[in-house]
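Hi there,

Here is the structure I promised to pass on. Have a look at it first, and my notes follow below.

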Amino acid sequence: MKYTVENTAAIDKPMRVFLDGAEQKDCVEADEENGFVIVYARDKDGRYILDGDEIQTEIRYGVVTVVPA
């Protein structure tokens, strides 16, 4: 299953995303089949990392599970 913030908002079904068993906050996209998530990047103090006016994202790889919230 592929999950994106946009398609979930359109069908009004919130989802929880896990990577290697750990819940992922600020997830923009998750792909169970290909084993990756895209999340908003944060610094060591938990603040979003900006690139100009945009929040940077990072890709994390592992076992992805998407479940209804």
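Strand 4 (27–31) and strand 5 (residues 36–40) form a hairpin with four residues between them. In that turn, Gly-35 has a positive phi of about 70°. Before I go on: this is a predicted model, in which local features need pLDDT of at least 70 and side-chain atom pairs count only at pLDDT 80 or more, while totals for chains, interfaces and linings use all residues. Residues are numbered from 1 along each chain as its sequence is written, and side-chain values use heavy atoms, with hydrogens and water left out.

Strands here are DSSP runs of E, at least two residues long, numbered from the N terminus. Two of them count as paired if DSSP finds at least two bridges between them. The hairpin strands run antiparallel and are joined by four bridges; Asp-31 has Phe-36 in strand 5 as its bridge partner.

Strand 4 also pairs with strand 1 (residues 2–4), again in the antiparallel sense, over three bridges. There, Tyr-3 stands opposite Ala-30. Four of the five residues of strand 4 are buried (under 20% relative accessible area), so this strand is largely enclosed by the rest of the structure.

Two aspartates are worth a look too. Asp-26, in the loop between strand 3 and strand 4, has a positive phi near 60°. Its relative accessible area is 24%, which is partly exposed (between the 20% and 50% limits). Asp-20 sits in the loop between strand 2 (15–19) and strand 3 (22–23), with a positive phi near 50°. Asp-20 is exposed (over 50%), at 53%.

Best wishes

Methods. Buried < 20%, exposed > 50% of the residue type's maximum accessible area, 1.4 Å probe, protein only.
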